[in-house]
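Here are a few short exercises to work through with the structure open. Try each task yourself before you read the solution.

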Amino acid sequence: MKQTPAEETITEKAVASFSTTPDARLREIVQSLVRHVHAFTQEVELSEEEWLAGVRFLTATGQMCDGLVRQEFILLSDVLGVSMLVDAINHRAQHTVTESTVFGPFYIEGMPDREFGENMAFTPGVPALVTGKVTDADGSPLANATLDIWQTATNGMYSGQDTEQPIGNLRGRYHTDEQGRYAIRTVVPVSYPIPTDGPVGQLLSATGRHPWRPAHLHFMIEAPGYRTLVTHLFNHDDPYLDSDAVFGVKDSLRVAYKPCEYNNPLAKTFGFKVAFQHATYDFILPRVPS
């Protein structure tokens, strides 16, 4: 339905009210937000009851955020595809480096530094080793790069989210050696549902969407002079790769875990006394623009 003159006046006044915002970028963002929110409201002919339901939904979303582990607004951004759209906008034309993906709502700062090949799994699972290199776009190794890692336990929950797990379980900060190599002992990741006990879960249920994410390891990789990389490594054969609840899968980030027997040479090097799974992946970081 076409806007009435009164409706147009409301939008114009709301946009104009931010015209003296001192920061030009903030002014652009807020005025554009007002235009789009008003256009959405007009397009769907939002009722007063629906508007109030939306207010209650956003209020409940904020109330689910605990400031440490649970970030329901990031989760909402993820399931709406906004997180991946922001990712795509901010990483255009980076075809020669490792692709990024969503940060996710369960990162915890300050996890322990771990030695090369140290085991970060304190709960049961299929033993795994993940190795590879971190290099620049020319293939030069990046020594002492930091790889901040986190993943769920086999029950599909992260430490911090699951109070039964030690807080540092399946989390840690690893560092590359002089040749840019890294090694992580862990357990094979499993697919899991994002939390459905809050407003985001209610939204998925109401719209008939499933909450599942394919199995993955989270990485945040940093090196001086290079852009921080936030990404995942996905199990290559997971059944949810094509329907990830947060749209985070990229084909270049798939990795295969291959079986190794307990007498494999890597077992002695990294302390495995049983059969384990081994995956390898090389990360390429982009330089910070000069």
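**Exercise 1: An annotated stretch**

UniProt lists residues 130–158 in an unreviewed entry as "domain: Intradiol ring-cleavage dioxygenases". Keep in mind that this is a predicted model.

Task: Find how much of residues 130–158 is helix and how much is strand.

Solution: Go along the stretch and look at the strands first: they make up 41% of residues 130–158. Helix accounts for 0%. Finally, go from one end to the other: the end C-alpha atoms are 19 Å apart.

**Exercise 2: Ring pairs**

Task: The structure holds 11 aromatic pairs. Decide which kind of pair F272 and F276 form, and do likewise for Y281 and F283.

Solution: Start with F272 and F276, whose ring centres are 4.1 Å apart. Their planes are at 10 degrees, and planes under 30 degrees apart count as stacked, so this pair is stacked. Both F272 and F276 are buried. R185 also lies over the face of F272, at 4.2 Å from the ring centre.

Next, the rings of Y281 and F283 have centres 5.0 Å apart and planes at 55 degrees, so the pair is tilted. Y281 and F283 are buried too. Ring pairs link these two with Y182 and F219 into a cluster.

**Exercise 3: An open sheet**

Task: Work out which strands stand at the edges of the sheet β3-β2-β7-β8-β9.

Solution: Read the order of this open sheet, which has 5 strands and mixed pairing. β3 (171–175) and β9 (254–255) each have a single partner strand, so one side of each is left without a neighbour in the sheet. Now check β9: 2 bridges join it to β8 (residues 229–235), and the two run parallel. Here N235 stands opposite V255 in β9.

Conventions: Residues are numbered from 1 along each chain as its sequence is written. This is a predicted model: local features need pLDDT of at least 70, side-chain atom pairs count only at pLDDT 80 or more; totals for chains, interfaces and linings use all residues. Side-chain values use heavy atoms; hydrogens and water are left out. UniProt positions are given in the numbering used here, feature names are shortened, and annotations may be inferred rather than shown by experiment. Helices (H or I, at least four residues) and strands (E, at least two) are DSSP runs, numbered from the N terminus. Rings of Phe, Tyr and Trp (its six-membered ring) pair if their centres lie within 6.5 Å; planes under 30 degrees apart count as stacked, over 60 as edge-to-face and the rest as tilted. Buried means under 20% relative accessible area, exposed over 50%, partly exposed in between (1.4 Å probe, protein chains only). A charge sits over a ring if NZ of Lys or CZ of Arg is within 6 Å of the ring centre and within 35 degrees of the ring normal. Two strands pair if DSSP finds at least two bridges between them.
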